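Colleague: Got a minute to go through this model with me? I have some questions about charge pairs, cores and pockets.

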Amino acid sequence: MTAPLNPQSRREALQRLAADELDVLVIGAGVTGAGAALDAVTRGLRVGLVEARDFAAGTSSRSSKLFHGGLRYLEQLNFSLVFEALKERALALNRLCPHLAKPVRFLYPLRKKVIDRGYAGLGIGVYDIMGAGRGVPHHLRHLSRKKTLEYFPSADRSALVGSIAFYEGQVDDARHTMMLARTAAHYGALVASSTRVVGFLREEDRVAGVIVRDLEGGEEFEIRARQTINAAGVWIDEIQAMLGGRGQFQVRASKGIHLVVPRNRINSTTGLITRTEKSLLFIIPWGGHWIIGTTDTDWDLDKAHPAASQADIDYLLEHANTLLADKLVRDDVVGVYAGLRPLLAGESDSTSKLSREHAVASPVRGLIMVAGGKYTTYRIMAKDAVDAAVHDLVPPGASSTVPRSCTENVPLLGADGFAALWNGRSILAERTGLRVGQVEHLLNRYGSLIGELTDLIETDPRLARPLDSAPDYLKVEAVYAASHEGAMHLDDILARRTRISIETWDRGDAAAQEVAELVAPVLGWDAAAIAREVEHYRKRVAAERESQHQPDDLSADAARLGAPDVRMGGGS
């Protein structure tokens, strides 16, 4: 049996966090923090993980949803970062989470016959060689204009002379991050979302733990820990400020937005990657949709709910349309999401030139800070942060009794047995009464944990039906999000456990009531609580829509802040 994350497990975790001294406490359950908790607990340490909102509620649910090697970093001659990322991509695709991460073919369109094919071909060729045999097909191909149009019939024929085909890895970032936290809990970590750090405990010259507030009940209590890891991403400076000073490095937030459009609006069998004057533009296959991104602009407004403006949306549509014969318009956009990258600040004012490499520092004894990096290399960031914590756990001169990181060989829950179940998916469909397509959908989201969902369906066969207002998802998935995946609020389910908030034209407005009623028995909601959750969610949708019609960041931010956070105290 796997360890579920649910209201009962959270209550038990909070009780033990208040009672026991930990070896390592991790602040922030984005991908780096959840990865650090898994790294530490699989070394045999007593570990806690606290998160102010939901798992992956910030940056880690709002990425381009790729495990990629960082093609753009070849231009900066940062070969070590590219090589490291390619290795991590292979681990994710092959060993750690094959149920969540898949290889996807991309085209790099060429606009000038000689210059583009030589320049881009050389770069992608080096990239391909560095990643040969690492998780995706080693299959770089130079395609003629005619062959490119066969793969990409929607192309503007006057805009390209050919293309280069290669592969990257794709991942549902929010589910992956949540599964990291759940796997950490499975190995014994004490995991609690809706638990905000409001202060630090000090003993002489060292940090001895934190003071937290339970945002569901309002109580404050202390968590004592020999080492605390601050993995709060773009909030790292705010956490550091609680100690009365700045850290040893500065983090700047870069806003990246993405658009979601229906799959039938672009006729292509592959994804697309091209350059803009500021960054790379991705057009990424995503089930029945395409994800188009991203922007890369400085952001110094509200960090909890970064807003996409009309200018951001127009920028992406304009650049995507340079490749398309049938131009996209604003009405084609089903969903929009905006996220903040935590970048290590440098000399340049342009966030696109700030470092994607990470740094680990200890500004005060007992406190480790980790920042920067990219989603693909989360495991390395987590390992380095825990290595620093372990170094301080062991007295000088003593031989370490703490094992080295083993997460390279620790598959996430749902990975073991996935391949066998995938091969037998037709038999599984016959046994469960589900359609083969539904079984494939569940396997690609839950892997070998699919049995936990079919058990729920056996108890209540109605859960095998699709949601009325979001038929790409089954009703059992909403219930399972609350009973096993740590969802505490409606937004957690519609925006992160599923992607209903960006995949339906009404952004989940109609599904809100249906899902709230499904999960109410699990989460202990009465009629008033259901109404409150639905109202909060619908206000969020309305505020996001309003922000996306504003001309600039300042007005978009003001519009988005019209909807308060459902958790007590709002904010981060």
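**Charge pairs, cores and a pocket**

Modeller: Sure, and keep in mind that this is a predicted model. To start us off, Arg-265 is buried, and Asp-332 is buried as well.

Colleague: Which contact do the side chains of Arg-265 and Asp-332 meet in?

Modeller: Opposite charges can pair when their charged atoms come close. For Arg-265 and Asp-332 the N to O distance is 2.9 Å, and the cut-off is 4 Å. That makes the contact between Arg-265 and Asp-332 a salt bridge.

Colleague: How many residues apart in sequence are the parts that this pair ties together?

Modeller: Arg-265 sits in the loop between β11 (251-262) and β12 (271-275). Asp-332 is in the loop between α8 (310-321) and β16 (335-344), so the parts they tie together are separated in sequence by 67 residues.

Colleague: Is Glu-220, the partner of Arg-213, buried, partly exposed or exposed?

Modeller: Arg-213 and Glu-220 form a salt bridge, with their closest N and O atoms 2.6 Å apart. Arg-213 has a relative accessible area of 28%, so Arg-213 counts as partly exposed. Buried would need under 20% and exposed over 50%; at 46%, Glu-220 is partly exposed.

Colleague: Which helices do Arg-425 and Glu-440 lie in?

Modeller: These two form a salt bridge as well, the closest N and O atoms of Arg-425 and Glu-440 being 2.7 Å apart. The pair ties together parts that are 15 residues apart in sequence, because Arg-425 lies in α11 (residues 425-432) and Glu-440 in α12 (residues 436-446).

Colleague: And how many salt bridges does the count come to?

Modeller: Some of them join up: Asp-54, Asp-491, Asp-492, Arg-496, Arg-497, Arg-540, Glu-544, Arg-560 and Arg-567 are linked in a network of salt bridges. The count comes to 43.

Colleague: On to the nonpolar side. Which helix gives the most to the largest nonpolar core?

Modeller: That core has 66 residues, and Val-26, Leu-45, Phe-67, Val-191 and Ile-229 touch the most other members. The top contributor gives 8 residues, and that is helix α9 (residues 378-393).

Colleague: Which residues does Ile-229 touch, leaving out those up to four places away in sequence?

Modeller: Ile-229 is in contact with Ile-368, Val-370, Ala-385, Val-386 and Ala-389, among others. The rest of its list is Val-24, Leu-25, Val-26 and Ile-27.

Colleague: How many residues of α14 are buried?

Modeller: Helix α14 (residues 475-483) is mostly covered. Its buried residues, including Lys-475, Glu-477 and Tyr-480, pack against α1 (7-19), α6 (173-186), α12, α13 (450-459), α15 (490-497) and α17 (509-523). The number buried is 9 of 9.

Colleague: Which element gives the largest share of the lining of the second largest pocket?

Modeller: The second largest pocket holds about 790 Å³ of space. Of its 32 lining residues, the closest to the centre are Trp-286, Gly-287, His-441, Asn-444 and Arg-445. Elements giving two or more residues are β4 (101-110), β6 (162-171), β13 (280-286) and α12. The largest share is 6 residues, and the element is α12.

Colleague: Last one: how many residues in that lining are nonpolar, polar and charged?

Modeller: Gly-287, one of the residues closest to the centre of that pocket, falls in the polar class. Across the lining, the split is 10 nonpolar, 11 polar and 11 charged.

Conventions. Residues are numbered from 1 along each chain as its sequence is written. This is a predicted model: local features need pLDDT of at least 70, side-chain atom pairs count only at pLDDT 80 or more; totals for chains, interfaces and linings use all residues. Side-chain values use heavy atoms; hydrogens and water are left out. Buried means under 20% relative accessible area, exposed over 50%, partly exposed in between (1.4 Å probe, protein chains only). Helices (H or I, at least four residues) and strands (E, at least two) are DSSP runs, numbered from the N terminus. A nonpolar core is a set of buried Ala, Val, Leu, Ile, Met, Phe, Trp, Tyr and Cys residues joined through side-chain atoms within 4.5 Å. Contact means heavy atoms within 4.5 Å. On a 1 Å grid over the protein atoms alone, a cavity is a set of points where a 1.4 Å probe fits but cannot get out, and a pocket is an open set with protein on both sides within 12 Å along at least five of seven lines; lining residues have an atom within 4 Å of a point. Grid points are joined across faces, edges and corners, and a volume is the space filled by probe spheres set on the points.
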